[in-house]
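Please look through the structure shown here with the paragraphs that follow, which move from contacts between domains to a shared core and then to a separate chain.

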Amino acid sequence: MSVKKPAWKELNEGDVVEAGTAVKFETGDWRSERPTWHPEICIQCLICWTYCPDSSILVENQKMTGIDYKHCKGCGICAKECPVKPNKAITMGPERE
Amino acid sequence: MVNLKELSTRQDPLTGGHRMCPGCGAPIVVRQILMATKDPKVVVCATGCLEVSTTIFPYNAWTIPYLHNAFENAAATLSGIEACYQNFKRKGKIDKPIQFVAFGGDGGTYDIGLQSLSGAMERGHDLLYVCYNNEAYMNTGVQRSGATPKGANTTTEPVGKVKQGKVQWRKDLTEIMVAHGIPYVAQSIVGNWADLTRKAEKAFSIRGPKFMNVLQPCRLGWGYKPEDTCELGRLAVETCVWPSYEVENGVYKINLKPKNKKPVVEFLKTQDRFRHLFKPGNEHLLEEIQKEVDRRWEQLLAKEQSTAIAIKGGENK
Amino acid sequence: MAKVVAKTGNEAMAEAMRQIDPDVVAAYPITPATEIVMIFAKFVADGLVNTEYVAVESEHSAMSACVGAAAAGGRVMTGTSSQGLALMYEILPIAAALRLPIVMCDVNRAISGPINIHCDHSDTMAARDFGWLQIFSENSQEAYDSLIQAIRIAEDPRVHLPAMVTTDGFIISHCMDRIEILEDNEVKNFIGQDRKTDVKLLDTDKPVAIGSIDLQDYYFEHRMPVAQAMKDSKKVILEVAQEFGQKFGRKYGLLEEYKTADAENIIVALGSTCGTAKVVVDELRAQGKKVGLLKIRVFRPFPAEEIVQVLSKAKNVAVLDRSDSWSGQGGQVFTEIRSALFDTKVKPGMINFIYGLGGREIDLDQIRSAFKALEEIDKQPMVSYLGMRQ
């Protein structure tokens, strides 16, 4: 389904774009693997948050609250960097069973 | 230094929804560096992966003011913005502190952007230039740059029947920047958030020109699984392929000294771009690379020693 | 109260810049424009202006820094010539696309090769497709006046395009002339104390991205505003000229019609050559010949309608181009005028003289011969090279 794009007169002068409009572009459908968060063993170190290339680890009041699946690309860095042992607090699994 | 919990309360300079590859190190560099300061920021990006993927009209992944001009002039463009800021400050039109940061890939920094970078550093503008160094022109499909290491397979110095990848050693841009005599120069990696954040904090606290060269593993151009981006950055430090160090007012300090220096093949064997080096007949290349890594590492240790003595008067931390 | 002073073209432009007192000047030296930024740098050193002067390491960086400073909301100027302008070519269209009202002193000098430091229009003509306004000056007075007007024109919200004001290298830039300059406050009142703009990169509370990449679905639409602004700028140029004339007495327009009203044979030219041509026109008129000179002051936007109005009444026209477009079909001004006349039912005969390349002197005799040629226009080739050793 195609969205009608603006006519030239409707565009901002000088091709200026407001901040943060990329949020509307959902890269979540890029995934072939999906991360699952296990909050019960999460130590809230926030290492996954700092290393997520897609700003997709959700944090509120200095605590991780979840994963933004609309944008997460399933790269697996969060799972790889998670320091929790012996089982990681984020594990990767197939996007589709 | 600020901790992760405090950092997590700060504004993220990027939103999700940009088109960087899964596992790309560049947005990690951007997020970790920019979040190291609470000051307002203005960013200029050189043409390259970061610029293209974060601003495909009308999708803008930046949450802070951003300007893209062309490929080779991020430093010059940022100089202009900073000059206008200084002017407005003198005139009383603006009084808040603003940190000016340029991001350029190794292509737009080592090669085509070198002149513009050198000029900006020489003029002493109050700005930070960050090179997100993935060691090739990645956006156009992995062409060799001055930052590409010897032996790497790229599309303009490819491995073939008579050639084994890049012939030349990589240019040492960090040392070129040190030679400019600017107050702060640093090398870091994707994979050690504390190292990168502390250096960015330090840079932001200094008024004057600053330069950071951050090794950014690229899963596409280097050939590895996306989840290994951070691990490869750390491995580059552990093998001394990419030392983590800083030079503040001419004094060298190596920040991460590997307890047990790993042989360079540990780094090379993890990436497709070096796969050919392990074929029989290429052993001499592996030896040459190890020798050169060792030589540069020894040289760096010596510089740390000598500048500590020369400038700090004998104190060797 | 106007002051009469002796100034070269470069000095006149530097003086205008001093009175404009831009926020940022990013500049690099190149003959014959160097003096402008040199004199201006002395103003900075003496505290006569409040400008941030960025002594960049190349012209490419000069224009890049200008783009940055203008995007930050500053009033920005620079100056260059020839190879310097050529080095800026990559960034000029970006400045126009981003609608940044940068104003540049462009001292016309031949483009290499061979390398040549003297006057011709090849540098400016090669930049005609980048979306910049281009205003040519016949002499130092025009350069001074046009530079001041250019700030108003460029910053007008109906325009928001960068502008270059040219002088002829060495001929005007280094030639001492008598000019009238305005008071400092007259200039400031005319251009406005500060540039007014909505988009400011330094406005960190309203963050925006400028310079996004466009895919096939947006580039075309993003180019249209430049086309529209170029069209709309004609009106603004005339409005500003009218106000300037009312306030300060000197009249300007898109063209200058010198004795063309009943002229049968007309020469068209730009820049300093017009001064020389006017002498020949007067001389021939005294002999009873019906001749005239059409001077083009504004080349971009191209004043097609206005040119057609003047030339369609003439019998024979010779267009003098101080540059060649190497198309085999004549110089840039010639081909654009021919295109403008295409739809006119009654067209004059038209020939092209390419002259003065690399500072080759154009004198009274050459212009006399051009008018002579118009008397036997059917015997002339469409394009010839005037003053060149055959």
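Two residues are taken to be in contact if their C-beta atoms, placed from the backbone, lie within 7 Å. The model is a predicted one, and chain C is a convenient place to begin, since a domain assignment divides chain C into domain 1 (3-248) and domain 2 (255-386). Taken over C-alpha atoms, the centres of domain 1 of chain C and domain 2 of chain C are separated by 28 Å. By the contact criterion above, 28 residues of domain 1 of chain C touch 20 residues of domain 2 of chain C. On the domain 1 side of this boundary, the elements of chain C that give two or more residues are H6, strand S6 (133-136), strand S7 (163-168) and helix H9 (219-248), and H9(C) supplies the largest share, with five residues. The residues of that side divide by class into twelve nonpolar, ten polar and six charged.

Helix H6 of chain C, spanning 122-126, appears again when one follows helix H12 (residues 332-341) of chain C. The buried residues of H12(C) are Gln332(C), Val333(C), Phe334(C) and Ile337(C). An α-helix has 3.6 residues a turn, so residues three or four places apart point the same way. Besides H6, the elements of chain C against which the buried residues of H12(C) pack are strand S11 (265-269), strand S12 (291-296), helix H11 (304-311), strand S14 (316-321) and strand S15 (349-355). Two of the buried residues of H12(C) can be reached from Val268(C), which, leaving aside neighbours within four places in sequence, is in contact with Val333(C) and Ile337(C) as well as with Leu294(C), Ile296(C), Val317(C), Val319(C) and Leu320(C).

Val268(C) also has a place in a wider assembly of side chains, the largest nonpolar core, which has 244 residues and in which Ile81(B), Val130(B), Ala69(C), Ala163(C) and Val268(C) have the most contacts inside the core. Helix H4 (residues 74-90) of chain B gives the most to this core, with nine residues, while domain 1 (3-248) and domain 2 (255-386) of chain C each contribute at least three.

Which elements form the side of chain C that touches chain B, giving two or more residues each? The contact joins 38 residues of chain C to 38 residues of chain B, and the elements in question are strand S2 (24-27), strand S3 (52-55), helix H3 (59-71) and strand S9 (208-210) of chain C. H3(C) gives the most to this side, with nine residues, and by class the side has 22 nonpolar, eleven polar and five charged residues. Strand S9(C) is also involved in pairing between the chains, as strand S4 (residues 66-68) of chain B runs in the parallel sense with S9(C) over two bridges, and Tyr66(B) has Ala209(C) as its bridge partner there.

Chain A remains to be described. Its two helices and five strands follow the pattern β-β-α-β-β-α-β along the sequence. The radius of gyration of chain A is 17 Å, well over the 13 Å that the globule rule gives for 97 residues, and chain A is therefore more spread out than a compact globule. Along its principal axes, the C-alpha trace of chain A spans about 60 × 35 × 15 Å. Of the 97 residues of chain A, 40% count as buried, and among contacts in chain A with a separation of 6 or more, residues 24 or more positions apart account for 62%.

How values were computed:
Residues numbered from 1 in each chain as written. Chains lettered and ligands numbered in written order. Predicted model: local features only at pLDDT ≥ 70, side-chain atom pairs only at ≥ 80, totals over all residues. Buried ≥ 20, exposed ≤ 12 C-beta atoms within 10 Å, placed from the backbone. Helix = DSSP H or I, 4+ residues; strand = E, 2+ residues; numbered from the N terminus. Rg over C-alpha atoms; globule rule 2.2 N^0.38 Å. Core = buried A, V, L, I, M, F, W, Y, C linked by C-beta atoms within 7 Å. Domains from an automatic or database assignment. Nonpolar A, V, L, I, M, F, W, Y, C, P; charged D, E, K, R; others polar. Pairing = 2+ DSSP bridges.
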